[in-house]
Amino acid sequence: MDSRARPYRSVLYIPGSRERALEKAKTLPVDAIIFDLEDAVAPDEKANARNLLAEALRDGGYGARAQIVRINGFDTDWGADDLAVIATAKPDAILLPKVDSAEDIAALAKRLDALSGTTETAIWAMMETPLGILNASDIATAPWMAGFVMGTNDLAKDLGTRPHPTREPLLTALQTCLLAARAQGLACIDGVYNAFKDEAGLEAECTQGRDMGFDGKTLIHPAQIEIANRVFAPSDDDIALAERQIAAFDAAMAAGQGVAVLDGSIVENLHVETARATLAKAAAIASLEHA
Ligand code: COA
Ligand code: MG
């Protein structure tokens, strides 16, 4: 599946050092997993987590869930070893943290290229530094790029913003990355919601992210999965409206008209494209084992 056709409603971070969570993930109804070697793993555990994770990926059992590994940056003691060990286990993608520029991605692509048998591995970028956001459109065009993940905690820290219920201080950055991702056909996943026991807050933030155009939300706890899967999937009403729009447009075309009117609103070619995309997304979700 290409990166845009695949559902990414729920993208769960799992610390690479947590054996029990690595096992549990095989049963969780998530669309994608970010196996983390960066901030969720303490320095003393980095080497151990890297080997544990490579073994878990080789053993498999994650089904259709996209497998993305967040390595440490190459400016740390661990990044190069992370890539060398993890690339041999052939995850779907390597996620590079704190990407500032397209050169960071090009450098990773060069390293991946030098490792044999890694041509199936795509590159994703954490968008979480002020410089990275400013360079988003360049980063999106770098080789092997397939997706952006918003690192809203790091970004808020660097910007000096305070938490805000409607995320106003972050909206420009979120939209800049969405624009850059969509211009190149990349997946774009919203940042995490830290208060993992606050279901109403999570639902509100998922709804905001969905309405902005994100494919899904990064999650930190299994309790967040159901809400993200539901909010980012087309609802029954969305599907029914899409079907009616297509039918109305087909009928208008058959009658020799270029546009249709449905429930008092115009339906043009472009609305039909959106309606078809909604139905395709619903079908892709329905075809998942864990749907
Ligand atoms: N992925 C998979 N399983 C997870 C999980 C995760 N991210 N977080 C918790 N679980 C599992 C636990 O292992 C536990 O499973 P069990 O019942 O089989 O033992 C179950 O879900 C309930 O966990 P709970 O006790 O409620 O949470 P916790 O106190 O163990 O962990 C956190 C809370 C926040 C520390 C943990 O969820 C976590 O580490 N999340 C990821 C953080 C991360 O990756 N951050 C980096 C990016 S922001
Ligand atoms: Mg970060």
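A residue counts as near a molecule when one of its heavy atoms lies within 4 Å of it. By that rule, 15 residues surround ligand 1, and Y13, R18, R20, I220 and H221 are the closest. The model is a predicted one, so to speak with the usual filters: local features need pLDDT of at least 70, side-chain atom pairs count only at pLDDT 80 or more, and totals for chains, interfaces and linings use all residues. Side-chain values use heavy atoms, with hydrogens and water left out.

Three of the closest residues make polar contacts, that is, pairs of N or O atoms within 3.5 Å, with ligand 1. For Y13 a backbone N or O atom sits 2.7 Å from a nitrogen atom of the ligand. R18 uses its side chain instead, with an N or O atom 3.0 Å from a ligand oxygen, and a polar side-chain atom of H221 is 2.7 Å from an oxygen atom of ligand 1. On its own the ligand exposes 900 Å², of which the protein buries 65% (accessible areas by the Shrake-Rupley method with a 1.4 Å probe).

Two elements each give two or more residues to this shell, β1 (10-15) and α1 (19-24); helices (H or I, at least four residues) and strands (E, at least two) are DSSP runs numbered from the N terminus. The biggest share, four residues, is from β1. By class the shell holds nine nonpolar, one polar and five charged residues, where Ala, Val, Leu, Ile, Met, Phe, Trp, Tyr, Cys and Pro are nonpolar, Asp, Glu, Lys and Arg charged, and the others, Gly among them, polar.

As for the largest pocket, it contains about 700 Å³ of space. A pocket here is an open set of points on a 1 Å grid over the protein atoms alone, with protein on both sides within 12 Å along at least five of seven lines, and its lining residues have an atom within 4 Å of a point. The volume is the space filled by probe spheres set on the points. Of its 28 lining residues, P234, T274, A277, T278 and K281 are closest to the centre. α9 (199-212), α10 (225-232), α11 (236-254) and α12 (269-286) each supply two or more residues, and α12 supplies the most, eight.

Conventions:
Residues numbered from 1 in each chain as written. Chains lettered and ligands numbered in written order. Polar contact = N/O pair within 3.5 Å; in protein donor to acceptor, adjacent residues only side chain to side chain. 1 Å grid on protein atoms, 1.4 Å probe; cavity = no way out; pocket = protein on both sides within 12 Å on 5 of 7 lines; lining within 4 Å.
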